[in-house]
Amino acid sequence: MSTPSIVILISGSGSNLQAIIDAVVEKKIRARISAVISNRPDALGLKKAAAAGIKTIVIDHTGFAERRQFDAALSQQVAELEPDLIVLAGFMRILPAAFIDHFTGRILNIHPSLLPEFKGLHTHRRALEAGHDQHGASVHFVSNELDSGPVVIQAKLEILDDEDETALAGRVLELEHIIYPLAIAWFIEGRLRLIDNHIHFDNKLIKEAALWQHETLTLP
Ligand code: GRF
C-alpha cells in the first residue's frame, strides 16, 4: 500500500504546520506531506515547509480579480495532488462549497475555541470577555458551515485569574500542537472516519469528542 498523502493549507505563521511536520518526522503520523499551499506569499509557514524539504505552493488570492477564480485555482491545484487528507492549519479563506462537497470527510480544521462556542475570529478575547473559566481548541471535520463540522477532539484548559489575551492564546496554541497531530494520526491510521456526517472512531459511532485536559487523553 502506498503511503497516504496530506496537503496542508496555511495563511500564517505555521506553528501547527510545524507540529504536524515534527509528528511526521517522528513517525507518529505515518503519512507524507505532499505539499503546503498558502494564499499568502509572505506566510512564515512556507519557510518552515521549505526547511523540511516539503513542496510549497503559493496561490495568492490578491492576484485574482474575483473570488471564484481563486477558488477554482485552489480547487484544481488540490485535486491534482490527490491527497488522502487535507489539513487546514490557520488557513484564513473560506473554502468553496463544491470543494468541501468533493472532499467531504477528508478535510480537518483546528479552531481556537471549545466549539460550538466562539466560532469565527478573536476567540480568546471573546472567551475572556464572556467571563468563562474554561477555554481551549477543537479539531473538527470541515462542513459547509463555518467552524461547524463534527468535532473530533478538544483540548481544554482553565483560564487563570488576570490572564490576558496573548497569554491565553499562547497556552491554547501549545495544546493545539498536541491535539492536531493526534487527530491526523487517527485519520491516517483509519481509526477516524466521517460517515453520513457522524464521526466513527475505531468503527464505533461516537457522540462525544475525545478530550485532552490536564495532560490526559480521554478517548471518545
Ligand atoms: C491557530 O490559532 C488555529 O487554531 C487557527 O489559526 C491559528 C494558526 O496558527 N485556525 P499557526 O499558523 O498554526 O501558528
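Helices and strands in this text are DSSP runs, numbered from the N terminus. The model is predicted.

**Exercise 1. Backbone features in loops**

Task: Determine which peptide bond is cis and where Pro-116 is placed.

Solution.
Step 1. The cis peptide bond joins Leu-115 and Pro-116, with omega at about 10°.
Step 2. Pro-116 belongs to the loop that runs between β5 and α5.
Step 3. A further backbone feature is found at Lys-27, a residue other than glycine whose phi is positive, near 60°. Lys-27 is situated in the loop between α1 and β2 (32–38).

**Exercise 2. The surroundings of the ligand**

Task: Establish which residues surround the ligand, and which elements give two or more residues to its shell.

Solution.
Step 1. Residues count as near the ligand if one of their heavy atoms lies within 4 Å of it. The surrounding residues are Ser-13, Gly-14, Ser-15, Asn-16, Gly-90, Ile-110, His-111, Pro-112 and Glu-176.
Step 2. Sorted by class, this shell holds two nonpolar residues, six polar residues and one charged residue.
Step 3. Two side chains have polar atoms beside oxygen atoms of the ligand: the distance is 2.6 Å for Ser-13 and 2.5 Å for Ser-15.
Step 4. A polar backbone atom of Ile-110 lies 2.9 Å from a nitrogen atom of the ligand.
Step 5. The ligand taken alone exposes 370 Å², and the protein buries 83% of that area.
Step 6. Two or more residues of the shell come from each of α1 (15–25) and β5 (107–111).

**Exercise 3. The largest pocket**

Task: Describe the pocket whose space the ligand takes, stating how many residues line it.

Solution.
Step 1. The ligand takes up space that belongs to the largest pocket, which holds about 980 Å³.
Step 2. The lining of this pocket comprises 36 residues, and those nearest its centre are Gly-90, Phe-91, Met-92, Ile-110 and Pro-112.
Step 3. Elements that contribute two or more residues to the lining are α1, β5, α5 (123–129) and α6 (165–188).
Step 4. By class, the lining residues are 14 nonpolar, 17 polar and five charged.
Step 5. Gly-90, Ile-110 and Pro-112, listed among the residues nearest the centre of the pocket, also appear in the shell around the ligand.

**Exercise 4. The second largest pocket**

Task: For the second largest pocket, identify the lining residues and the element that gives the most to the lining.

Solution.
Step 1. The space in the second largest pocket is about 150 Å³.
Step 2. Its lining is made of Lys-156, Leu-157, Arg-171, Glu-174, Leu-175, Trp-212, Gln-213, His-214 and Glu-215.
Step 3. At least two residues of the lining come from each of β7 (151–158), α6 and β11 (210–213).
Step 4. The greatest contribution is that of α6, which supplies three residues.
Step 5. The lining consists of three nonpolar, two polar and four charged residues.

How values were computed. Residues numbered from 1 in each chain as written. Predicted model: local features only at pLDDT ≥ 70, side-chain atom pairs only at ≥ 80, totals over all residues. Heavy atoms only, no water. Polar contact = N/O pair within 3.5 Å; in protein donor to acceptor, adjacent residues only side chain to side chain. Areas by Shrake-Rupley, 256 points an atom, 1.4 Å probe, with all protein chains shown as cover. 1 Å grid on protein atoms, 1.4 Å probe; cavity = no way out; pocket = protein on both sides within 12 Å on 5 of 7 lines; lining within 4 Å. Sits in = over half its atoms within 2 Å of the grid points. Helix = DSSP H or I, 4+ residues; strand = E, 2+ residues; numbered from the N terminus. Nonpolar A, V, L, I, M, F, W, Y, C, P; charged D, E, K, R; others polar. Points joined across faces, edges and corners; volume = space filled by probe spheres on them.
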